[in-house]
There are 2 protein chains.
Amino acid sequence: MQNISQLELLVKSTINAWQGQNKKVDDLIVKLSDEQWNADTAPGRNSGIYLLGHSVAVNDGIIKLLGFGEKLHPELEAPFLTNGDKTGHVFPSLDDLKKYWKEINTKLDENIKTLSTDDWFSRHTAVSEEDFSKEPHRNKLSILISRTSHQAYHLGQLAYL
Amino acid sequence: MQNISQLELLVKSTINAWQGQNKKVDDLIVKLSDEQWNADTAPGRNSGIYLLGHSVAVNDGIIKLLGFGEKLHPELEAPFLTNGDKTGHVFPSLDDLKKYWKEINTKLDENIKTLSTDDWFSRHTAVSEEDFSKEPHRNKLSILISRTSHQAYHLGQLAYL
């Protein structure tokens, strides 16, 4: 019983840590002007709008990785995942990206609520059953753990806007 | 039994995530020249050496928070924790900071190995027993979870060196 409770506590803390990073992006959306989003985080480095689009596209990928369905905006892959900033790709408008951010995170949060603790320890969709049997750490929770650090990394850059 | 195993897996993943961020700083120590460490990550922003000292001082704080003893280098608090970069504080040399980084992380890793799963769910030293009884998520593991994101945040900035 104690172990079940510790387990639930840690699963919750892991989810909270990831949602906390998303919340920091929410806060930036409220705080930053369009001019700031369109600026580079440092000379010649990622622009704010690129990092926003990148964050949206990464979270869109989590929908698929956690088995909640297909990506809502697969069109964001080319400009924001497979290619870096300043590679000539046309970006959606800032307003659209902000809308997608909310839309994707709402879908994630709604589905996350439905997962049991056991579900979190099941494989994510990018690992095969065979590989998962050998590497049980490649579970759904591991996606949130790695994406928490990923978002924090880019928040460190967005802080320069 | 399944829950105990899931719990151990998740505790291990949480520790690995934190150590993975430290490893990225290790890699930068090998990769970056002194000139790069002494440069600013963006014009007028944190310098590399400040962020290195800040990371060292934060990990030194973890020694105390996890109950492994006193800080090894409390003299780093003033220049790297209570004050920002460019506030006139004299920094230790880069070589000393790199040495402290290894020394502190070695002490952390050695002590971390000795903690049981239950130990990870006990309170960290900055929360009182009374507060902890109401907020059991303020345990030792929560320190690693928050410091993982913190280190990732600054790694995003160090990437600009």
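Select B:Thr148 to begin: in this predicted model, the residue is buried, with a relative accessible area of 6%, where buried means under 20% relative accessible area with a 1.4 Å probe and protein chains only. B:Thr148 sits in helix H8 (residues 140–158) of chain B, helices being DSSP runs of H or I with at least four residues, numbered from the N terminus.

Next, show B:Leu144, whose backbone oxygen is reached by the side chain of B:Thr148 at 2.6 Å. Then display the residues in contact with B:Thr148 (heavy atoms within 4.5 Å), which, leaving aside its neighbours within four places in sequence, are A:Ser149, B:Ala17, B:Trp18 and B:Gln21.

As A:Ser149 belongs to the other chain, colour chains A and B separately and turn to their interface. The contact takes 34 residues from chain A and 34 residues from chain B, and the area buried between them is about 2800 Å², of which carbon and sulfur atoms give 66%; this area is the accessible area (1.4 Å probe) that the two parts lose on being put together, summed over both. In chain A, select A:Gln6, A:Leu10 and A:Tyr160, which lose the most area to chain B, together 24% of what that side buries.

Which kinds of polar pairing does the rule find across the interface? It finds zero salt bridges (a side-chain nitrogen of Lys or Arg within 4 Å of a carboxyl oxygen of Asp or Glu) between chain A and chain B, but ten residue pairs in polar contact, both at pLDDT 80 or more. A polar contact is a pair of N or O atoms within 3.5 Å; within protein, one must be able to donate a hydrogen and the other to accept it, and residues adjacent in sequence count only if both atoms are side-chain atoms.

Now select helices H1 (2–31), H6 (117–120) and H8 (140–158) of chain A, each of which supplies at least two residues of the side touching chain B; H1(A) gives the most to that side, with twelve residues.

Finally, superpose chain A on chain B by least squares on the C-alpha atoms of residues with pLDDT of at least 70 in both: a rotation of 180° with 0.0 Å of shift along its axis does this with an RMSD of 0.0 Å. The two copies are therefore related as by a two-fold rotation axis, and in chain A the C-alpha nearest that axis is that of A:Tyr153, 2.1 Å from it.

Residues are numbered from 1 along each chain as its sequence is written, and chains are lettered from A and ligands numbered from 1 in the order in which they are written. Local features need pLDDT of at least 70, side-chain atom pairs count only at pLDDT 80 or more, and totals for chains, interfaces and linings use all residues, while side-chain values use heavy atoms, with hydrogens and water left out.

Terms used: Buried < 20%, exposed > 50% of the residue type's maximum accessible area, 1.4 Å probe, protein only.
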